[in-house]
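Let's take a walk through this structure, helix by helix. Keep the 3D view open as you read.

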Amino acid sequence: ALTLAGILLLGFLLRIYKLAAPSLWHDELMTYARLQGSLGDTIHTLFVSPFPPFYYIFMKAWTTIFGFSEFSLRFPSVLFSTLTIYYVFLLTKKITNNQTTALIASFLLAIFTFAINYAQEAKMYAMLWCFAVASWYYFLEYMKRPSTKNTWYYTLTTLALVYTLYLGWLFLLTQLICFFLYPQKKPIRQFKRSLLIIVLAYLPWAYWALSNIISKSGI
């Protein structure tokens with residue numbers, strides 16, 4: 001526990017180091033621009049953009065409390081990236097059943113320059129990584145112990161994943177493939193229920209996204 005706590009602290013400190021030093025660059029300024037006005041204005045701008053709304057809804061609530069400084073806009077990415085380190089530990093331990101291997105994996109992510117760079121951007125990528133790893137962890141938990149708790153953890157993290165970026169659907173697709181390849185007894189009924197909840201909850205946004213594609217509006 002102390003070793004993991006040290007790794008998490010190291011990852012956090014590396015991500016927060018000089019967080020506010022560079023000025024906002026183009027993509028971060030787009031995030032800033034989308035957060036101006038009311039929550040309704042923010043969501044409306046996303047109707048003609050390539051991004052689902054969850055990150056921007058979260059950031060709208062965040063900036064309402066903490067403001068629009070470089071540090072404030074980037075800090076949620078630091079938090080999600082640090083949380084990803086923890087979920088990598090859990091996921092690796094679940095897969096390998098070896099705590100030492102899990103600690104090594106989490107340490108490597110903690111010092112991984114690529115991950116640190118994206119943890120210091122006011123964009124949704126750190127959030128995407130966090131929900132992707134969490135979704136996979138709860139997917140495996142769900143396969144082995146299909147309890148009501150694990151069912152909801154998997155459903156909610158996966159729904160947050162697909163509402164963060166469209167790439168999230170590729171993670172769900174690979175989980176579907178693994179589900180049918182999984183050699184042990186499968187919780188088919190519960191899994192179908194989770195998929196149904198995810199699809200139904202996504203339909204409102206899918207309607208707007210498809211409407212924009214058909215009308216060739218937005219990006």
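**A tour of the helices**

Let's start with Trp62, which sits in helix H4 (residues 54–66). Bear in mind that what you are looking at is a predicted model. Is Trp62 buried or exposed? With a relative accessible area of 15%, Trp62 falls under the 20% cut-off, so it counts as buried. Looking past its neighbours within four places in sequence, you'll find Trp62 in contact with Gly67, Ser72, Phe75, Pro76 and Leu79. Leu73 lies 11 residues from Trp62 along the chain, and the C-alpha atoms of the two are separated by 8.4 Å.

Next, go to the start of the chain and pick out helix H1, residues 2–16. Its 15 residues, at 1.5 Å a residue, should span 21 Å, and the end C-alpha atoms are indeed 21 Å apart, so expectation and model agree. Within H1, Leu4, Ile7, Gly11 and Arg15 are buried. These residues cover an arc of only 65° around the axis, which means that they lie on the same side of H1. What do the buried residues of H1 pack against? Their partners are helix H5 (70–96), helix H6 (99–111) and helix H7 (113–119). After H1 comes Lys18, with a positive phi near 55°.

H5 is worth following to another partner. Two packed helices are described by the angle between their axes and the distance between the axes. For H5 and helix H8 (residues 125–144), the angle is about 25° and the axes are 8 Å apart. Angles under 35 degrees count as roughly parallel, so that is the label for H5 and H8. The crossing of H5 past H8 is left-handed.

Now move along to helix H9, residues 148–164. The same kind of length check works here: 17 residues at 1.5 Å each should give 24 Å, and the end C-alpha atoms are 24 Å apart, so the two agree. How many of the residues of H9 are buried? The count is 12 of 17, leaving H9 mostly covered. Among them are Asn150, Tyr154, Leu159, Leu161, Val162 and Tyr163, along with several threonines such as Thr151 and Thr164.

Last stop: Ser211, in helix H11 (residues 188–215). Ser211 has a relative accessible area of 25%, so it is classed as partly exposed. For a sense of distance, try Ala105: Ser211 is 106 residues from Ala105 in sequence, and their C-alpha atoms are 42 Å apart in space.

Notes. Residues are numbered from 1 along each chain as its sequence is written. This is a predicted model: local features need pLDDT of at least 70, side-chain atom pairs count only at pLDDT 80 or more; totals for chains, interfaces and linings use all residues. Side-chain values use heavy atoms; hydrogens and water are left out. Helices (H or I, at least four residues) and strands (E, at least two) are DSSP runs, numbered from the N terminus. The expected span of a helix is 1.5 Å times one less than its number of residues. Buried means under 20% relative accessible area, exposed over 50%, partly exposed in between (1.4 Å probe, protein chains only). Contact means heavy atoms within 4.5 Å. The arc is that of the directions from the helix axis to the C-beta atoms. Axes are lines fitted to C-alpha atoms, for helices over the stretch in contact, and angles run from 0 to 180 degrees between N-to-C directions. Angles under 35 degrees count as roughly parallel, over 145 as roughly antiparallel, 65 to 115 as roughly perpendicular and the rest as oblique. A crossing is left-handed if the near helix is turned anticlockwise from the far one by less than a right angle, and right-handed if clockwise.
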